[in-house]
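User: I would be grateful for a close look at a single part of this protein. Please concentrate on the salt bridges and the elements around them.

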Amino acid sequence: MFGSSQKTAQLAEEITDFTAVQGRSLWQDARTRFVQNRAARTCVLILALIVAFTIVGPYFAQWNNEEIDWDIMGSAAERGMPSFATGHYFGVDDLGRDLYSRVIQATTTSLLVGLVGAAMALFVGTIYGIISGFVGGRADNIMMRIVDILMAIPTVLVIILLLVVAGRSFFMLFIALGAVSWLSMARIVRGQTLALKHREFIEAARASGVSEITIMYRHILPNLLGVVIVYASLLVPEMILAESFISFLGLGVSEPYTSLGSLISEGAGTMAYGTLWQLAFPLFFYVTIIITMFFIGDGLRDALDPKDR
C-alpha cells in the first residue's frame, strides 16, 4: 500500500517535470542558460556600468570636453596628471582639455558607432540574404556573386575611400561601416534560409496558399532570429574595432567630436613624454568594451544553440 503510493507520487513528479520541460520555449530556455553563464552575466553588468558612466558621468565633470585649461596648457606632462584638486579626474590631453569629459564623449561615440553599424548590417544583410536564399536560381547566383565581388575589396579601403570622397562626419562614418558590414550577414542568412525553405512547415504554408513574401517574414525570419542576434552581438565589437582603426589613422570623426580610437592615437603619440594617462584611460574603456561584447556574444551563441537544449 505504502509502496504503491510512493510509486504513484514518483510517477506524478516525473510527469510534472516532463511537462515543465516540454512547456519551455526556445527563448525561455535560452534566457535561463544565458543567466546561468557567469562570464556573460558579469560582462552584461560591466557593460551596463559603462553605459551608466556615459549617462551619469557628465554630471560630475567640472570641465566640458572642449574647454581648455590655460594654466596647464603646454605643461601637461608636469601638471596635467589626474587630480581631484584640479577637477581633471583623468588628467588632461596635450592641448589642456579635460580627459574625463573627452573619454565620456569618446565612449558614447564608439558605442553608437558599434550599435548603429551593427543595426545597419542586421537590417540590410538579413533582407538581402533572405531574398537571395528563398528566391534561389539565377537571382540567387547573381546576388551572391555581387557579394563575393564586394567582399574581395579590402574593407578598410572602402571605408577610407567613402570618408575621403564624401567627407568626414558621423553620418558618413555610419554609411561607410554599414556599406561593408552587411556582406557577411547576408551570406550567413542566405545559408540558413536555404536550409529552411524546404522544411515541412514551409511546404505546408506554400500549399495552403500563403504568399512568398508572407512566408519569408512570418516563417523564415522568426527561425533566423537566433543566428542573426548572435552574429549582430559579435558584429558590434567589430564595428568599434573598425572605427578605432580608422580614427587611429586620422580619418575618423572630426573635432570637436572624438572617439576612443582617436584618443588612443593621441595618447600613443604623446606617451614618450610621460603622459601615460592619456593612453591608459581610453585604452581601458576600449579594451573593456571589446572584451565584454565578445563574451556577451559568446554567451548568446551558447544560449541560442538548439543543439545544447
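Analyst: The account below begins with the salt bridges, moves to a helix that takes part in them, and ends with a pocket.

The model is a predicted one. Across the whole structure, seven salt bridges are found. Side chains of opposite charge can pair when their charged atoms come close. Four residues, Asp93, Arg97, Arg102 and Glu266, are joined in a network of such bridges.

Within that network, Arg102 pairs with Asp93, with an N to O distance of 3.4 Å. Are these two partners buried or exposed? Asp93 has a relative accessibility of 3%, so it counts as buried. Arg102 is likewise buried, at a relative accessible area of 0%.

Arg102 also forms a salt bridge with Glu266, whose closest N and O atoms are 4.0 Å apart. Because Glu266 belongs to helix 11 and Arg102 to helix 5, this pair ties together parts that lie 164 residues apart in sequence. Glu266 itself is partly exposed, with a relative accessible area of 29%.

Helix 11, which spans residues 260-270, deserves a closer description. Its buried residues are Leu260, Gly261, Ser262, Leu263, Ile264, Gly267 and Thr270. These buried residues pack against helix 5 (99-135), helix 10 (212-248) and helix 12 (277-304). Helix 5 is thus a packing partner of helix 11, and the Glu266 to Arg102 salt bridge also connects these two helices.

Another salt bridge joins Arg187 to Asp148, with 3.7 Å between the closest N and O atoms. Arg187 lies in helix 8 (residues 170-196) and Asp148 in helix 6 (residues 137-152), so the pair ties together parts 39 residues apart in sequence. Arg187 is partly exposed, with a relative accessible area of 42%, and Asp148 is also partly exposed, at 27% relative accessibility.

The two helices joined by this bridge appear again around a pocket. The second largest pocket has a volume of about 300 Å³. It is lined by 17 residues, of which Thr155, Val180, Ser181, Leu183 and Ser184 are the closest to its centre. Helix 6, helix 7 (155-166), helix 8 and helix 10 each give two or more residues to this lining. Helix 8 gives the most, with six residues. By class, the lining holds 13 nonpolar, three polar and one charged residues.

Note on methods:
Residues are numbered from 1 along each chain as its sequence is written. This is a predicted model: local features need pLDDT of at least 70, side-chain atom pairs count only at pLDDT 80 or more; totals for chains, interfaces and linings use all residues. Side-chain values use heavy atoms; hydrogens and water are left out. Buried means under 20% relative accessible area, exposed over 50%, partly exposed in between (1.4 Å probe, protein chains only). Helices (H or I, at least four residues) and strands (E, at least two) are DSSP runs, numbered from the N terminus. Contact means heavy atoms within 4.5 Å. A salt bridge is a side-chain nitrogen of Lys or Arg within 4 Å of a carboxyl oxygen of Asp or Glu. On a 1 Å grid over the protein atoms alone, a cavity is a set of points where a 1.4 Å probe fits but cannot get out, and a pocket is an open set with protein on both sides within 12 Å along at least five of seven lines; lining residues have an atom within 4 Å of a point. Grid points are joined across faces, edges and corners, and a volume is the space filled by probe spheres set on the points. Ala, Val, Leu, Ile, Met, Phe, Trp, Tyr, Cys and Pro count as nonpolar, Asp, Glu, Lys and Arg as charged, and the others, Gly among them, as polar.
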